[in-house]
Amino acid sequence: MAADGAAASAARNVCFTMHGIGVSGGIAIGHAHLFLGMSTEVDHYQIPSHEVSREQRRFDRAVKEVREELKGLAESVRHSAASELAPFVNVHLMLLEDAAFSEAPREIIAEEKCNAEWALRTQLDELTAQFGDIQDEYLRERETDVRQVAERILTALAGSKRLLAMRPTREDADMILVARDLSPADVILFREHPFAAFVTDMGGATSHTAIIARSLAIPAIVALHHSRTLIREDELIIVDGTQGVVIVNPDRAVLAEYRLRQNQARLEREKLKRLKSAPAATLDGTPVHLYANIELPSDLDAVKAAGAAGIGLFRSEFLFMNRRELPDEDEQYEAYRSVVEGMKGRPVTIRTLDIGADKALDGGEGSAENPALGLRAIRYCLAEPRLFNTQLRAILRASRHGKAAILIPMLSSWAELNQAAAAVERAKEELKAEGEKFDPFVPVGGMIEIPAAAIALPMFVRKLDFLSIGTNDLIQYTLAIDRSDDAVAHLYDPLHPAVLSLIAGVIRTAQQAEKPAAVCGEMAGDVALTRLLLGMGLRHFSMHPASLLPVKQRVLTTSLPDIAPLVARILKADDPEKLVTLVEKLNA
Ligand code: PEP
Ligand code: MG
């Protein structure tokens, strides 16, 4: 949506608002930090001859600034838990000192009489073209480093204060990141950098980028379209993630109002903490299992703070992102073990690698023109049997330290399920032959997130120990809506009768087969849908930890016999407006 105050960009300190899609609720107040990616267009302009040396000095200053940044970063990682990053920082420092970076762009400025950004871009294109011809895999992989160094220099040239990869500082806590787009891999780095919020010009409501923002419990707005052009570095902004509104340069009255709201929300959150150890059950005494979704082992603190009964979805692919080498079996085993042990006997469901679509491995190529329909998740793993085997072995080894389960994402065919099950058996046989211990009864479940699997469920349910409904993808594939494309975000509808009917069918089939079924998509953490899902028979919910206590509060105030007639009417409703009214009534 366009900015209401588009003209405001010229006159500074003018208050204006922008509207987008709020994907993570709450209010943040802070200073804008513009995030530049290499995808950002670089300005190209000519400079007169007498300005060449001034432009070269500008370039030198940027290189010097990056050098200082990297040295500071090298120093800080050396003494931190992230010491394994030190070699990467050193590679960046070496690249920066190479004439290809420190000299060549200066020559281009002189020869072409162009601005420093353009000279750097030209040099980068030249360098990356050469990478295509390199046979040596190690050297080829250095292309990412070259890009990252160029990106740092570009940011320094733009006068931005710092990049994502920088050491966190105290001030980050009041900084709001303004970006054209952010990948899930970018956002996962926010754990190290406590930004107050982020806003982007692109993105959809259930993209993985949005999901991680929710799991970090920081306000976020996507699809603002012009924030990168209209908002300037350091401007004071308010982000209202619940309403999807950004207020730039608010006046004192507006600021005071939002500070008040921020405090009220904080008090609400404090109050909810009292529910942490209350058993989750409806008013009529039906127990409900509230589990957490995690991306990395470091999420465990939030899981414990929310009092989750287990982990219903460990998105293991995040262990594989933002790095050049994939984690080997031992590294994965340690990660899974730390989570399984940390949960002290409570169940931990580890989803096998769901890579592809909007979650790419570093340097990985996208699959075909429609990556969401391509070689993603279990399809990718079956095409890479060694990688799959490594992961299965690591999960199985971790299973002896507690209660682990394996979850297979994106099942669509019988053959896939059989191959996946055979791969699990093969990994077990290998471990047995090697004398490694594991839980021989580790449950294997399937994600139901493709309509084909939901419709032909009896075929799958026989072979699976449990089901987990991935509503994010189930909606994407049922309604043919790319979940990361803001142009179709308005069509993304969890209350679409087709979606409700599929979910109700899965829950019913699972009950008949006496197999547990959970919902682990975003619907599970949406309090507005808790009663509906309970009324449909759902007893296992898995969500990001920040949603768990609000959902628990809703469970505790729900009487299943009372809601049953209304839920039955909702499931039969064929008028979308009436359906929405009925859901509102259910929540009243
Ligand atoms: C889902 O699709 O609902 C789900 C939980 O998996 P992801 O969001 O990681 O695709
Ligand atoms: Mg999914």
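**Exercise 1. Strand β9 and its neighbours**

Take strand β9 and work out which strands it pairs with, beginning with β16 (residues 540–543), and in what sense they run.

*Solution.* Start with β16: β9 and β16 pair in the parallel sense over four bridges. Here helices (H or I, at least four residues) and strands (E, at least two) are DSSP runs, numbered from the N terminus, and two strands pair if DSSP finds at least two bridges between them. Within this pairing, His-289 has His-540 as its bridge partner in β16. Next, turn to β10 (residues 311–315): three bridges join β9 and β10, again in the parallel sense. Ala-292 stands opposite Ile-311 of β10. Finally, look at the surroundings: of the six residues of β9 (residues 289–294), five are buried, so the strand is largely enclosed by the rest of the structure. Buried means under 20% relative accessible area, exposed over 50%, and partly exposed in between (1.4 Å probe, protein chains only).

A note before going on: this is a predicted model, in which local features need pLDDT of at least 70 and side-chain atom pairs count only at pLDDT 80 or more, while totals for chains, interfaces and linings use all residues. Residues are numbered from 1 along each chain as its sequence is written, chains are lettered from A and ligands numbered from 1 in the order in which they are written, and side-chain values use heavy atoms, with hydrogens and water left out.

**Exercise 2. The eight-stranded sheet**

Find the strand order of the open sheet formed by eight strands, then follow the pairings of β7.

*Solution.* Begin with the order, which is β1-β8-β7-β3-β4-β5-β6-β2, with mixed pairing. The edge strands, each pairing on one side only, are β1 (16–19) and β2 (21–24). From one strand to the next, the twist averages 30°, where axes are lines fitted to C-alpha atoms, for helices over the stretch in contact, and angles run from 0 to 180 degrees between N-to-C directions.

Now move to β7. On one side, five bridges join β7 to β3 (residues 27–35), and the two run antiparallel; Ala-28 has Val-239 of β7 as its bridge partner. Four bridges join β7 to β8 (residues 245–248), also antiparallel, and Asp-240 stands opposite Val-245 in β8. β7 and β8 form a hairpin with four residues between them, and Gly-244 in the turn has a positive phi of about 70°. Four of the five residues of β7 (residues 236–240) are buried, so this strand is largely enclosed by the rest of the structure.

To see the mixed pairing, compare β3 with β4 (residues 175–179): five bridges join them and they run parallel. His-31 stands opposite Met-175 in β4.

**Exercise 3. One side of a helix**

Check the length of helix α5 (residues 116–131) and find where its buried residues lie.

*Solution.* First, the length: at 1.5 Å a residue, 16 residues should span 22 Å, and the end C-alpha atoms are 23 Å apart, which agrees. The expected span is 1.5 Å times one less than the number of residues. Second, list the buried residues: Ala-116, Glu-117, Ala-119, Leu-120, Gln-123, Leu-124, Leu-127, Thr-128 and Phe-131. They cover an arc of only 160° around the axis, which puts them on the same side of α5; the arc is that of the directions from the helix axis to the C-beta atoms.

**Exercise 4. Metal and charge**

Identify the residues that coordinate the magnesium ion (ligand 2), then examine the salt bridge of Arg-214.

*Solution.* The ion is coordinated by Glu-449 (OE) and Asp-473 (OD), at 2.0 to 2.2 Å. Donors are N, O and S atoms within 2.8 Å of the metal (3.2 Å for Na, K and Ca); water is not among the atoms, so sites may look incomplete. Glu-449 and Asp-473 are both buried.

Turning to charge, the structure holds 27 salt bridges, each a side-chain nitrogen of Lys or Arg within 4 Å of a carboxyl oxygen of Asp or Glu. One of them joins Arg-214 to Glu-522, with the closest N and O atoms 2.4 Å apart. This pair links distant parts of the chain, 308 residues apart: Arg-214 is in helix α8 (residues 208–216), and Glu-522 in the loop between β15 (517–519) and α20 (527–535). Arg-214 counts as buried at 15% relative accessibility, and Glu-522 counts as buried at 12%.
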